[in-house]
Amino acid sequence: MYDRIKGFRDTYPESMGARRWLFDTVESTARGYGFREIDTPALERTEMYVDKSGEEIVEELYSFEDQGGRDVALTPELTPTVARMVAERGQELSKPIKWFSTRKFWRYEQVQQGRFREFSQTNVDIFGSAEPDADAEILAVAAEMLTELGLQPDDFEFRVSHRDVLGGLLESFDDEDATDVDTEAAIRTVDKRAKLERPQYLDQLVAAGLSADQAERFDDLLDTPESELDELVAFADNDRVSKAIENLQAVLAAADDLGVREYCTLSLSTARGLDYYTGTVFECFDATGDVSRAVFGGGRYDDLIGDLGGPDTPAVGFAPGDATLSLLCQRAGVWPEESLTTDYYVLTAGDTRSQAAAVARELRSRGHVVESDVADRGFGAQLDYADSIGAETVVIVGEQDLESNEYTIKDMDSGDQTTVPVDEFPGDLERPTFADFA
RNA sequence: UCCGGGUUGGGGUAGUGGUUAUCCUUCAGCCUUGUGGAGGCUGAGACGCGGGUUCGAUUCUCGCACCCGGACCCA
């Protein structure tokens, strides 16, 4: 026996159904908004990720040298690839570009709840619009995906924030006494606010360049409720903050029009750990807190495509993954039961293979899932098998039945059965069952 | 990389320094050559890997792997 690679998962038929359902739902929602599906390579040059994230990132990549001497890596994310695609086609593409893609990604990370080394993600992005409507549409698609999965408003919430509000506030402190605030470090600290002990948290803010007093005040500002956002503008007296708040309010107003405002909560302490976000950021959380980490997140990253060598292109998107999304669904009780279903089992008894095959063919041509014996099993064993695959109806094509020119139709749920003349099954019926002949 | 808890047939488990390693389930076959979800019988199938201690290790011990949480990180 060979070991399965740590962090990689096998999926058996019973659970595959649920995963299919998950991604089918997610994808059809994206399609409904006009997002177009793309596909991308599983392998890219390692350099692409190093340029974006620094040399350390190599430790978290599955990277190697290929036979042609190229340094390549299994893709840990989609964004650089998409940036390349956008750069390559440039003006040729009509804006906004709305793309989605469901794929596997690989990251050499520590395995934890909701986190594996191989995972699937659906990336949904809009490129080429800096308008708040684009941010709001992203929030709307994301929320609708969850409600389509059967989640209720009290199952999840989107914590919405804005990178420039945080950045601008920090900037205003910076101006205040000409200290040198490390904005990115401060924002990363904010992102950890809930996890850190308060003194430790404040210490980290101080380490990022704020004075102890400023750290306290800054933190207080993060609790500003939505209704008092305007006061933040007055406080900061800073162009960047006022623009950011105006933008955030516009996004929320547009989200309201799109019918997803109820899922969004203002949460200035939601920062996303990433440095490249530039505007709206949001994280989806399980409302009960049973799923302790963010289910997924997203936001605006207007500089990234340009930084990666593409044309300056505003962008906003998000990416739900299978691991955390299924946790959320399970917690909310909407994860489908993991068992097999089969429409028909065509049972053979005696030498009736060609007749049975004809019946199966007829039923399959109507679009049904039909199984028949391929293991040379006896009557009882075939029924046993039909039971194990969750067959709804068993069509018995047996020598005895054929003598009287009939089939026997058996309902597996009740065990009831009846006979029907050969030329009446399936006849004109699309989906004949026991009830049609009882 | 770090911290905590795990690992006994396919799944779930009992147990022991020397046993034919327990039970349930599963799977295959039969009782039953035309009736599954009930019963009976037969069969298949396990001590994660490696080292150490020992006359003897599944049991004690160390290391590793993997699994479940968590920290760091999270593109």
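Two strands count as paired when DSSP finds at least two bridges between them. Keep that in mind as you walk through this predicted model, where several stops are about which strand sits beside which.

**Stop 1: the three-stranded sheet**

Start by selecting F64, then add V72: the two stand opposite each other, with V72 in β4. These residues belong to a pairing of β3 with β4, antiparallel and made of three bridges. Now colour 43-45, 63-65 and 71-74. You are looking at β2 and β3, together with β4. The three strands make an open sheet, ordered β2-β4-β3, with antiparallel pairing. Which strands stand at the edges? They are β2 and β3; each has a single partner strand, so one side of each has no neighbour in the sheet. From one strand to the next, the twist averages 35°.

Next, look at the other pairing of this sheet. β2 and β4 run antiparallel and are joined by three bridges. Select L43 and you will find its bridge partner, L74, in β4. Move on to E44, which stands opposite A73 of β4.

Then follow the chain from β3 into β4. The hairpin has five residues between the strands, and among them you can pick out G69, which takes a positive phi near 80°.

To finish here, show residues 46-53 as a cartoon. This is helix α2, which lies across β2, β3 and β4 and runs at about 60° to β2.

**Stop 2: two domains**

Zoom out and colour chain A by its domain assignment. Domain 1 is given as 13-40 + 75-332, and domain 2 as 342-437. The centres of the two domains, taken over C-alpha atoms, are 53 Å apart.

**Stop 3: the five-stranded sheet**

Go to domain 2, residues 342-437. Here an open sheet of five strands follows the order β13-β12-β14-β15-β16, and its pairing is mixed. Highlight 370-372 and 417-421 to see the edge strands, β13 and β16, each of which pairs on one side only. On average, neighbouring strands in this sheet are turned by 25° against each other, direction ignored.

For a detailed look, select β15 and β16. Five bridges hold this antiparallel pairing. One place to check is I409, whose bridge partner in β16 is T418.

Now add the helices. Helix α13, residues 353-365, lies across β12, β13, β14 and β15, and runs at about 170° to β12 (342-349). Helix α14 lies across β12, β13, β14 and β15 too, at about 175° to β12.

**Stop 4: the surface near the RNA**

Show RNA strand B as sticks. Which residues come nearest to the strand? Of the 37 residues around RNA strand B, they are E77, Q110, L274, Q400 and D401. By type, the residues of this surface divide into nine nonpolar, ten polar and 18 charged. Seen from the RNA side, 46% of the strand B atoms within 4 Å of the protein belong to sugar or phosphate, and the rest to bases.

Three spots deserve a distance label:

- E60: a polar side-chain atom lies 3.2 Å from a base nitrogen of RNA strand B.
- G415: a backbone N or O atom lies 3.4 Å from a base oxygen of RNA strand B.
- Q417: a polar side-chain atom lies 2.6 Å from a base oxygen of RNA strand B.

The elements giving two or more residues to this surface are α14 (379-388), β14 (391-398), α15 (399-403) and β15 (406-411). Which element gives the most? That is α14, with four residues.

**Stop 5: backbone details**

Most residues other than glycine have a negative phi, and most peptide bonds are trans. With that in mind, select K95 and P96: the peptide bond from K95 to P96 is cis, with omega near -5°. P96 lies in the loop between α3 (79-89) and β5 (97-106).

Next, jump to F425 and P426, where the peptide bond is again cis, with omega near -5°. You will find P426 in the loop between β16 and α16 (434-437).

End at D376, in the loop between β13 and α14. D376 is not a glycine, yet has a positive phi of about 50°.

Key:
Residues are numbered from 1 along each chain as its sequence is written. Chains are lettered from A and ligands numbered from 1 in the order in which they are written. This is a predicted model: local features need pLDDT of at least 70, side-chain atom pairs count only at pLDDT 80 or more; totals for chains, interfaces and linings use all residues. Side-chain values use heavy atoms; hydrogens and water are left out. Axes are lines fitted to C-alpha atoms, for helices over the stretch in contact, and angles run from 0 to 180 degrees between N-to-C directions. Contact means heavy atoms within 4.5 Å. Domain bounds come from an automatic or database domain assignment. A residue is near a molecule or strand if one of its heavy atoms lies within 4 Å of it. A polar contact is a pair of N or O atoms within 3.5 Å; within protein, one must be able to donate a hydrogen and the other to accept it, and residues adjacent in sequence count only if both atoms are side-chain atoms. Ala, Val, Leu, Ile, Met, Phe, Trp, Tyr, Cys and Pro count as nonpolar, Asp, Glu, Lys and Arg as charged, and the others, Gly among them, as polar.
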